[in-house]
Every structure is written in structure tokens, then in C-alpha cells.
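Here's a quick tour of a protein fold, put together for someone just starting out. Keep the structure open next to you and find each part as it comes up.

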Amino acid sequence: MSENSHALTSPLTHFDAQGQAHMVDVGGKPVTHRIAVASGRIEMKAETLALIQSGTAKKGDVLGVARIAGITAAKKTGDLIPLCHPLALTRVALEFELQLGTPASVQCMATVETVGPTGVEMEALTAVQIALLTIYDMCKAADKTMVLQNTLVIEKKGGSSGPRPQ
């Protein structure tokens, strides 16, 4: 079976005809402006959210550090995930929304852009996860019950596969 015929029979693009893992060849794909937006949240005690909101967490500006961690992570996705292509990102932006309630939470949204032959979904997901893990790390002394939840791609633009189905 040729590699091309395998691509037609399996939706898993990171395996060759022999079932071995490989980096997908994107050399023939068109260079387009690509955008991905991912979202996730970390649930916590209301008191922990109050620490974040007031800026009095023991380790400092939690959301500022989480933002920088998420941006750094997006830029290093190709180093962290073995079969991801290293990409020249043109934009990485993280937004946080503090959500009161039971449980309290911080919602994180990462927008990542590039101009190239492959998408940036993995970079957006990585940015969200590392930003949330940074919040966990900075607040774990105050709250050991925090839980990361619902990380997903919420928007994708560019490339031949088009927008992400809703």
C-alpha cells in the first residue's frame, strides 16, 4: 500500500502505510493566513479567585505570569509535541475572564495566528493548557482542589479544511 492510499483509508494523518508515526508533509499545502482560538477553564474556591482578582496571591500577578507562560508555550509547541511542525507565529493573545459562582473559575481563551501551510490549533490548545497550569502552580498553596476543565478548539480559520465544525 502506498503512503497516498493509506491517507485515503485512515483519518489519522500522523501514521504512514506501515502504521509508523511520522510528521505530516505539508510542503504541498497552500500558504494561507491561519487562526485558531482555544478555550479552557480552571475551577477553584471563591477565596482563591479573590486572591487572583486582588493581586495578593503569594507568588504575585497570577494572570500576568499565566499570560506570558501561555504565549511562551504556544511558541514552543513544536518542541513539546513530537509530531507538530515548528511554526513562525504572527500573533499569540490570551484573555482571562474571572467567573464568580460555585465553583468559581478562570476562563482562558488563546488566539494564535500564522501565515503558513499548516494550522495553529495545537499552539492555541497548548497556550490554554500551560496558562491554566501556571494558575494552578501559582495558587496551589492556597487551593489544592482546583480542576482544569473543558479545553477545546472553539474556532479555526484558514487552510483547505475550512472552519471548525460547530
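**Heart of the fold**

Let's start with one residue: I135 touches I42, M44, I52, V62, L63, A66, F96 and V106, leaving aside residues up to four places away in sequence. Keep in mind that this is a predicted model. Zooming out, the protein has five helices and four strands, and from the N terminus they run α-β-α-α-α-β-β-α-β.

**The nonpolar core**

- The largest nonpolar core is made of 28 residues, and those with the most contacts inside it are M44, I52, L94, F96, V106 and I135.
- Strand 1 (32-44), strand 2 (89-99) and strand 3 (104-116) each give two or more residues to this core, and so do helix 2 (46-54), helix 3 (62-75) and helix 5 (121-139).
- Which element gives the most? That's helix 5, with eight residues.

**The sheet**

- There's an open sheet of four strands here, with the order 2-3-1-4 and antiparallel pairing.
- Strand 2 and strand 4 (147-157) are at the edges with a single partner strand each, so one side of each has no neighbour in the sheet.
- On average, neighbouring strands of this sheet are turned by 15 degrees against each other, if you ignore direction.
- If pairing is new to you: strands of a sheet pair through backbone hydrogen bonds, either parallel or antiparallel.

**Strands 2 and 3 up close**

- Strand 2 and strand 3 run antiparallel and are joined by 10 bridges.
- Want to trace a couple of these bridges? R91 has E113 in strand 3 as its bridge partner, while L94 has A110 in strand 3.
- The two strands form a hairpin with four residues between them, and G101 in the turn has a positive phi of about 135 degrees.

**How helices sit on the sheet**

- Helix 2 lies across strand 1, strand 2 and strand 3, and runs at about 55 degrees to strand 3.
- Helix 5 packs on the sheet too, touching strand 1, strand 2, strand 3 and strand 4, and its direction makes about 25 degrees with that of strand 1.

**A look at Q149**

- You'll find Q149 in strand 4.
- Is Q149 buried or partly exposed? Its relative accessibility is 26%, so Q149 counts as partly exposed, since the buried label needs a value under 20%.
- Not counting residues up to four places away in sequence, Q149 touches G40, R41 and E43.
- Q149 and Q107 are 42 residues apart in sequence, and their C-alpha atoms are 9.4 Å apart in space.

**Cysteines**

- A disulfide is a covalent bond between the sulfur atoms of two cysteines.
- How many disulfides does the model have? The count comes to zero.
- C84 has a relative accessible area of 12%, so C84 falls under the 20% limit and is buried.
- C139 is buried as well, at 4% relative accessibility.

**The whole protein**

- Out of 166 residues, 36% count as buried.
- The protein exposes about 9300 Å², and carbon and sulfur atoms supply 58% of that.
- Take the contacts with a separation of 6 or more: residues 24 or more positions apart account for 70% of them.

How values were computed:
Residues numbered from 1 in each chain as written. Predicted model: local features only at pLDDT ≥ 70, side-chain atom pairs only at ≥ 80, totals over all residues. Heavy atoms only, no water. Core = buried A, V, L, I, M, F, W, Y, C linked by side-chain atoms within 4.5 Å. Buried < 20%, exposed > 50% of the residue type's maximum accessible area, 1.4 Å probe, protein only. Contact = heavy atoms within 4.5 Å. Disulfide = S-S within 2.5 Å. Pairing = 2+ DSSP bridges. Axes fitted to C-alpha atoms, helices over the stretch in contact; angles between N-to-C directions. Areas by Shrake-Rupley, 256 points an atom, 1.4 Å probe, with all protein chains shown as cover.
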